[in-house]
Amino acid sequence: MQTLIKNISSLVTVDAEGGKFKTGSDMRDIGEIRDGAILFGEKIEWVGTTAEAKEKMANGSINPGNIIEAAGKTVLPGFVDSHTHIVFGGNRSREFARRLRGATYQEIAAEGGGILTSVKGTRNASIDELAETGYKLAVSAAMHGTTAMEVKSGYGLTLQSELNQLRAIKILQKELPMHFSSTFLGAHDIPTEFKDNRGKYIDLICNEMIPAVAKEGIAEYCDAFIDKGYYTLEEGRKILQAGLDNGMKLKVHCDELASFGSSELAAGMGAVSADHLLFISDKGTAALREAGTVATLLPGTAYFIRMPYAPARKIIDSGVITALSTDCNPGSSFTENMQLILSLAVINMNMTAEEAIVAATLNGAAAIEQSHRMGSLEPGKDANLAIADCRSYTDIFYHFGINHIEETWINGERFV
Ligand code: NIG
Ligand code: FE
């Protein structure tokens, strides 16, 4: 059945005229149509003004079975959250409270807490329990306007437990209408049992885990946390190469804790995205631009672990494809709310509202190679959209800290 939404006060199309991303000053053009209308089935069929829609109905060229009035509302493409870790076990709220009393993220990690706390919880969880945690977070994300997500493993750090996480993501793909991309992140931390023999764990990742994941076909991407205190550049290169050799593409955690050179490595290896980038160097920025690697910025992490924000202005103004994402995970950014990420991006990274919307929609879709079919409201794309209870997209930024989204539509169906 065709649905027409009309009288939309602010229809944000992020029209890219078929382009797969926007960069530089083009990110300031979000293709807003005042008093807009959109017609869709499973795919978007037509986008224009309400006056044009009325004309089309009058002359019989369209005959929607379902008409929705959206006066006073804003409609925008569903957010594409291209970097999350929503499938995990355990709870770290008490560690978080310790951080509030002065302990640092790195101190807690050095004591065997942090990621390793989530590893314990994840190893003790069944696939169904992991899927249930991911399911709740994904549905909540959708209630905040998200219609597609990437999800990583990386809290198991054994062959079996990593497979369990990826199989849990598979359950989300089956049970929810949202799009889920999946990423293998066996190189998230070194598990305690390999602390004195990291080479052996890296061999396990390259020779057993990656081939097993590839054989089951349950991860599109291979990721590694290449940073101070985690994986070295040399170790990271070896792991990412094994991913490539087994047919996966690359998404990489880069320069989050220190200026480490991991962005340059990711770009040099043709990664689809380099993520975090709090400490990216000018060389790293240039390398991402040259390689066409998406820079995925995760301001929730800088906020949550009290770190300096990524240099978004420099990255965008250099012409790098720039995306925004939650990094939703139990340790360094526990939020699934993309509107909050937009707020942090404009206030703390000096992005404009328009840039933030492009980064959270079209460019997020580019970060998971789905921008040919989502991330903007253009004919032919999936009808994935969010309806916000505000007159203009600018209200989403202006009136902050609340959920503006009233309805989320996925593949032309009202989901929440
Ligand atoms: O993306 N940077 C590495 N990993 C996560 C944090 C993981 C955790 O603390 O559980 C991140 O920020
Ligand atoms: Fe992450």
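How many aromatic pairs does a search of the whole structure find? In this predicted model, the search finds 6 aromatic pairs. The close-up views below show two of these pairs, a ring cluster and a charged surface patch.

**View 1. Edge-to-face pairing of phenylalanine 88 and phenylalanine 334.** The ring centres lie 5.9 Å apart, and the planes meet at 75°. Phenylalanine 88 belongs to the loop between strand 6 (79–81) and helix 2 (93–100), whereas phenylalanine 334 belongs to the loop between strand 13 (322–324) and helix 13 (338–348). The pair thus links distant parts of the chain, 246 residues apart. Phenylalanine 88 is buried, at 5% relative accessible area, while phenylalanine 334 is partly exposed, at 44%.

**View 2. Stacked rings of phenylalanine 96 and phenylalanine 304.** This pair counts as stacked because its planes stand at 5°, with the ring centres 4.7 Å apart. Phenylalanine 96 lies in helix 2 and phenylalanine 304 in helix 11 (residues 299–304), so the contact ties together parts that are 208 residues apart in sequence. Phenylalanine 96 has a relative accessible area of 27% and is therefore partly exposed.

**View 3. Aromatic cluster of Phe88, Tyr155 and Phe334.** Ring pairs join these three residues into a cluster. Among them, phenylalanine 88 is buried and phenylalanine 334 is partly exposed.

**View 4. Negative surface patch.** Asp15, Glu17, Asp26 and Asp29 form the patch. One of these residues, aspartate 15, is located in the loop between strand 1 (3–12) and strand 2 (32–40). Aspartate 15 counts as partly exposed because its relative accessibility is 32%.

How values were computed:
Residues numbered from 1 in each chain as written. Chains lettered and ligands numbered in written order. Predicted model: local features only at pLDDT ≥ 70, side-chain atom pairs only at ≥ 80, totals over all residues. Heavy atoms only, no water. Patch = residues over 30% accessible without salt bridge, like charges linked within 9 Å, V, L, I, M, F, W, Y side chains within 5 Å. Areas by Shrake-Rupley, 256 points an atom, 1.4 Å probe, with all protein chains shown as cover. Salt bridge = Lys/Arg side-chain N within 4 Å of Asp/Glu carboxyl O. Lys, Arg positive; Asp, Glu negative; His and termini not counted. Charge placed at Lys NZ, Arg CZ, Asp CG, Glu CD. Helix = DSSP H or I, 4+ residues; strand = E, 2+ residues; numbered from the N terminus. Buried < 20%, exposed > 50% of the residue type's maximum accessible area, 1.4 Å probe, protein only. Phe/Tyr/Trp six-rings, centres within 6.5 Å; stacked < 30°, edge-to-face > 60°.
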